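Colleague: Before I use this model at the bench, I should like to go through it with you step by step. May I begin once it is on display?

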Amino acid sequence: MLRLILGVLIGAVLGWLARQYMEEQESGWPAPAEPTISIRPDAPAEADEPAAEPGATTVAYCARCRTKRPMSDPEPTTTKTGRRAMRGVCPVCGASMFRFVSPA
Ligand SMILES: [Zn+2]
């Protein structure tokens, strides 16, 4: 009886060790993990868009979402160097957005 219990225990431990070993082997691969890039399900990969079309919603790059979004509450502003720009808020995360506007 004791031998049976020992056998089952040793079998279980060996199986567990084997699984640990396999997992270590698997994690040893150069996995294409992207730990620094936050994957947001609502942020599909977007192709490069053309520069702001006149009259359309102002699309700016949100540094926090790491994607381009239509600017919320866009306000025309002028930089210190006299360049025209638009300042707004990201509608998704609320971070402030900024983009230059080509003088028309
Ligand atoms: Zn954002």
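Colleague: How many bridges join β3 to strand β4?

Modeller: The model is predicted: local features need pLDDT of at least 70, side-chain atom pairs count only at pLDDT 80 or more, and totals for chains, interfaces and linings use all residues. Numbering starts from 1 along each chain as its sequence is written. Strands (DSSP runs of E, at least two residues) and helices (H or I, at least four) are numbered from the N terminus, and two strands pair if DSSP finds at least two bridges between them. β3 covers residues 72-78 and β4 residues 84-89; they run antiparallel, and the number of bridges joining them is five.

Colleague: Which residue of β4 is the bridge partner of Thr77?

Modeller: The bridges can be followed residue by residue. Pro76 has Met86 as its bridge partner in β4. For Thr77, the partner in β4 is Ala85.

Colleague: Which residue takes a positive phi in the hairpin of β3 and β4?

Modeller: Five residues lie between the two strands of this hairpin. One of the residues there has a positive phi near 85°, namely Gly82.

Colleague: In what order do the three strands of the open sheet stand?

Modeller: The pairing in this open sheet is antiparallel. β3 and β5 stand at the edges with a single partner strand each, so one side of each has no neighbour in the sheet. Neighbouring strands are turned by 25° against each other on average, direction ignored; the axes are lines fitted to C-alpha atoms (for helices over the stretch in contact), and angles run from 0 to 180 degrees between N-to-C directions. The order is β3-β4-β5.

Colleague: What is the count of buried residues in strand β3?

Modeller: A residue is buried if 20 or more other C-beta atoms, placed from the backbone, lie within 10 Å of its own, exposed if 12 or fewer, and partly exposed in between. In β3, Ser72 has 15 such neighbours and is therefore partly exposed, whereas Asp73 has 9 and is therefore exposed. Among the seven residues of β3, which is hardly covered, the count of buried residues is zero.

Colleague: Which residue other than glycine has a positive phi near 55°?

Modeller: The residue is placed in strand β3. It is Asp73.

Colleague: How far apart in space are Ser72 and Pro91, C-alpha to C-alpha?

Modeller: Two residues are in contact if their C-beta atoms, placed from the backbone, lie within 7 Å. Leaving aside residues up to four places away in sequence, Ser72, in strand β3, touches Gly88, Val89, Cys90 and Pro91. Ser72 and Pro91 are 19 residues apart in sequence, and their C-alpha atoms are separated by 5.4 Å.

Colleague: Is Val101 buried or partly exposed?

Modeller: Val101 belongs to the segment after β5 (96-100). Its C-alpha atom is 9.5 Å from that of Thr77, although the two are 24 residues apart along the chain. Because Val101 has 17 C-beta neighbours inside 10 Å, its class is partly exposed.

Colleague: In which sense do β1 and strand β2 pair?

Modeller: β2 comprises residues 67-70, and four bridges link it to β1. One of these strands' bridge pairs is Ala60 with Arg69 in β2. The sense of the pairing is antiparallel.

Colleague: Why does Arg66 count as exposed?

Modeller: Arg66 lies in the loop between β1 and β2, and has a positive phi of about 60° although it is not a glycine. Arg66 counts as exposed because the number of other C-beta atoms within 10 Å is 11.

Colleague: From which strand does the largest share of the largest nonpolar core come?

Modeller: A nonpolar core is a set of buried Ala, Val, Leu, Ile, Met, Phe, Trp, Tyr and Cys residues joined through C-beta atoms within 7 Å. The largest one has six residues: Val59, Ala60, Cys62, Met71, Cys90 and Met97. Three residues, the largest share, come from the strand at residues 59-62, β1.

Colleague: What percentage of the 104 residues in the protein is buried?

Modeller: The protein has one helix and five strands, in the order α-β-β-β-β-β from the N terminus. Of its contacts with a separation of 6 or more, 27% join residues 24 or more positions apart. Buried residues make up 9%.
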